[in-house]
Amino acid sequence: MISTSPAAGASAPLLSLSAVTKRFGSFTALSEVSLDLRPGEVHCILGENGAGKSTLCNVMFGVHKPDGGAMSYRGAAYQPSGPADALAQGIAMVHQHFSLVGDMSVVDNVLLGRGRGVLNRKECARQLAKLATDYGLPLDPNAKIDDLSVGERQRVEIVKCLIRDPQLFVLDEPTAVLLPDEIAALLQVCRRVAASGRAVVLVTHKLAEIKEVADRVTVLRGGRTVATSDAPARDIDALVRAMIHGDVAELDGTAASTLGLGKVEHVGHQPPPRGKVEALQIDGLTVKDRQGVTRLDNFTLTVDRGEIVGVAGVEGNGQSELAAVLAGMMTPTSGRYYLGEADLTGRSPKEITAAGVGIVSEDRHAVGCVLGMSLAENIYLNRLDEFTRFGFLNRTALQRDATTLMRRFDVRARGPGASFSSLSGGNQQKAVLAREITLPNLSCLVASQPTRGLDVGAVAAVYGHIREACGRGIAVLLVSSELDELLSVADRIVVLYRGRIMGTCPADPARKAEIGAMMAGQAQ
Amino acid sequence: MTTLDQQNSLDRGPRFTLRPSLFVPIAAVAFAAAVGLALIAAIGVSVPDAIEAFVDGTIGSPYALAASLNRACVFALVGFGFVLANRANLTNVGGEGQIAVGGIAATAVALYGHVADLPLGLAFILPMLAAVIAGALWGALAAVLKVKSGTNEVISTLLLSFIGVWLLYWCVQSPALLRKPMTSSATLPESLEIPDATQLPLLTGDYGFPVHIGLPLTLLIALVVGVLLAKTIFGVRLRAVGLNPVAAHRAGISYAKTVIVALAGAGALGGLAGALMLLGEQHTLKDGFSSGYGFDGLVAGLLSRGSIPGVIAASLLFGFMRSGGINMEMVAAVPTALVVVIQGLIVITLAGAALFIEKWERRT
């Protein structure tokens with residue numbers, strides 16, 4: 001879409017940053033970043049994870065104080081004392097993570113921190129109705145947050161900001177959690193907000209969004225501005241090169257699909273001959289939570305040896321429960337789960353590991369690793385016994401073997417003794433994958449959101465290892481909310497919606513629309 | 001990258017370098033002492049007299065020195081226990097009760113039948129073992145409560161402390177338990193003195209310098225606990241459970257087993273501390289014999305920030321402070337309350353110093 005906004009020209013900048021630097025300890029998160037934000041434009045900040053996008057937003061919003069450089073807002077020096085000050089001056093931000101009170105209504109959430117004395121809910125509801133028509137943000141003011149979908153919750157966050165009538169509106173990776181339709185709607189909102197004469201900053205790592213909505217783009221890599229463009233749709237290839245510091249043509253197909261770059265191509269391996277022994281057999285797994293709500297409903301699936309089955313769906317539709325049951329971290333209400341002949345239902349994680357099921361947990365930091373321990377200890381966390389004699393840990397052998405795995409899986413760190421928390425997300429994930437994929441008797445791998453928060457190179461590496469395991473005859477169950485990645489790497493896709501399987505189909509990119517509809521709950 | 005780097009980040013052990021980590025604590029103690037002396041002057045006690053009394057009480061005589069060292073051993077054992085459990089992110093505040101049950105068990109066994117006649121040192125080893133087992137059970141009780149029903153161990157170990165302390169009161173009040181036979185109305189509520197053979201042997205055999213075998217035993221335990229935490233798979237498991245119990249569970253490490261062993265170990269060391277106090281110095285079980293040692297040991301563990309040498313340093317400090325404080329009270333008439341205030345000051349300045357060092361090291 002070609003920009004139609006009047007701003008792209010030369011109007012005076014609303015907020016301008018000049019040579020802003022931000023350090024955390026010895027780490028420089030932003031290095032002399034300069035940026036002009038003009039009224040009426042949608043300005044996209046593009047970059048991989050860890051490029052400094054969120055830090056940049058947080059500096060604008062007064063969360064972090066810059067260590068160097070200067071900012072000016074409407075022509076005057078801008079040094080916000082904190083987010084409250086930034087808000088008061090007309091800069092609002094929607095964070096990656098929502099801050100809503102689930103048990104309260106939309107109106108009450110909007111009024112939180114704004115109301116003085118007696119709450120005027122009626123007036124607030126009237127303002128909400130006006131915003132709804134102005135920007136296309138329909139919301140029931142009396143609905144409880146807990147009853148809303150993720151997309152609707154995000155609308156509440158946006159409305160919370162817009163009701164303050166900000167001049168500059170910052171959205172930090174707002175599309176990560178949304179359905180395709182919701183993303184389109186959100187981009188429309190951005191356009192309308194910009195058309196009303198405000199500046200919109202949209203942080204993303206998805207190129208499709210940039211093509212659709214951006215007036216201008218700034219690309220960050222390693223905390224530096226590496227490219228800018230006034231005509232993003234035209235310069236898209238150059239922007240990608242700047243972002244990943246490589247050539248688009250060299251990109252692995254799956255990795256390219258994570259960026260929304262070009263057409264999704266199925267780069268999966270040769271489909272396995274059918275009729276081989278099934279490895280993983282899931283029979284009617286049902287999980288009810290404490291409130292008695294069914295989170296996973298009669299989930300039945302078999303995964304053959306050498307097959308990759310993708311579980312698609314918007315997050316929160318039962319994937320977490322499925323993965324937790326398979327990992328032995330949750331006991332199902334009913335149903336069974338077998339690996340070959342062995343019944344693994346309700347077994348402990350230790351037994352499941354011993355049976356040959358590798359688990360890559362969706363929440364790496366909570367379940368997959370111990371951040372405060374060393375890389376070597378994390379790589380062998382479930383097999384420390386192999387390095388023990390008379391109770392004493394043989395650290396030399398541990399470090400030696402860990403070093404071998406680090407090389408094989410390209411885990412980059414200062415050394416096997418490096419603290420796990422010092423590794424980047426991608427290297428942490430490669431280490432977790434190394435641990436699970438090298439289990440001596442591995443016959444099945446369950447990977448949940450294995451590429452979340454990873455940059456393109458790491459995504460390619462992760463899928464490379466998963467494909468390689470699959471080639472050895474490992475059954476792979478791949479749970480991901482990134483549909484394009486599943487389409488690219490899986491053999492079959494099952495779609496989860498509200499805990500049920502909405503449908504199953506081959507991972508054919510041509511059927512993306514159909515799968516998207518199933519993800520939104522429309523049976524095909 | 002050097003192998004030294006790796007070792008440091010792997011072991012999480014103490015680093016011995018000439019950094020502010022050495023002189024800042026000393027400056028902190030000096031500052032607290034200066035404030036303390038100012039307070040003493042303010043209430044009209046002669047400062048030189050107070051200092052003299054303090055020095056006399058700590059290193060003024062072989063006897064005073066020995067008493068200080070024996071006290072330090074008690075603090076150190078409780079401190080090691082705290083560090084052990086704390087590695088699994090458990091906070092054992094039950095040292096006082098563990099000392100009490102250890103003392104009770106040691107007395108009961110020492111006074112039982114012919115234990116005093118056993119050869120090969122069994123006369124005092126058996127009472128010590130009894131104290132260790134009693135303390136371990138006291139600690140394990142809190143662990144089981146935590147594993148079974150999620151009871152916070154801070155609450156359970158603290159409440160079990162009160163139970164232990166009142167159990168001690170009951171034992172010395174009831175002639176059916178450990179109270180010595182009441183021959184007259186003037187008989188004190190305390191146990192009989194334990195037989196000579198069950199008392200801990202002195203290192204030098206010189207009653208003028210009564211350091212008992214608790215000192216080498218404590219040093220040996222320091223080594224064992226240090227090796228356990230740094231070199232064994234158990235130490236790694238403790239750390240994994242402490243840092244991330246969910247990930248540890250996923251990796252096949254038993255949370256229940258680790259928590260129970262950690263708290264039982266802490267309790268065992270508390271019980272042993274009780275045995276040292278009773279078999280080594282007091283020889284008679286009296287109400288309130290633990291007199292806050294459990295809590296001072298806890299503070300030693302806290303101040304050490306997880307390092308075994310740190311526990312030893314803090315325990316020595318507390319051992320000398322307590323001995324000197326008692327003497328200041330008796331000789332220079334410095335009120336008890338003021339002595340406690342000065343000790344508190346030292347703890348606060350040391351904790352502040354630790355914070356300062358941490359910030360300083362992060363900056364460099």
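Colleague: What makes chain A agree with a compact globule?

Modeller: With 524 residues, the rule (2.2 Å times the number of residues to the power 0.38, over C-alpha atoms) gives a radius of gyration near 24 Å, and chain A has 24 Å, so the two agree. The C-alpha atoms fill a box of roughly 70 × 50 × 45 Å along the principal axes. This is a predicted model: local features need pLDDT of at least 70, side-chain atom pairs count only at pLDDT 80 or more, and totals for chains, interfaces and linings use all residues. Residues are numbered from 1 along each chain as its sequence is written, with chains lettered from A and ligands numbered from 1 in the order in which they are written.

Colleague: How many of the residues of chain A count as buried, and what is buried?

Modeller: Buried means 20 or more other C-beta atoms, placed from the backbone, within 10 Å of the residue's own; 50% of the 524 residues count as such.

Colleague: Why are β6 and β10 of chain A called edge strands?

Modeller: Strands are DSSP runs of E, at least two residues, and two strands pair if DSSP finds at least two bridges between them. In the open six-stranded sheet, ordered β6-β7-β8-β3-β9-β10 with mixed pairing, β6 (91–94) and β10 (224–229) each pair on one side only, so they are the edges.

Colleague: How do you know that β3 and β9 of chain A pair?

Modeller: Four bridges join β3 (residues 42–46) to β9 (residues 216–221); the definition asks for at least two, so they pair. The two strands run parallel, and A:I45 stands opposite A:T218.

Technical notes:
Buried ≥ 20, exposed ≤ 12 C-beta atoms within 10 Å, placed from the backbone.
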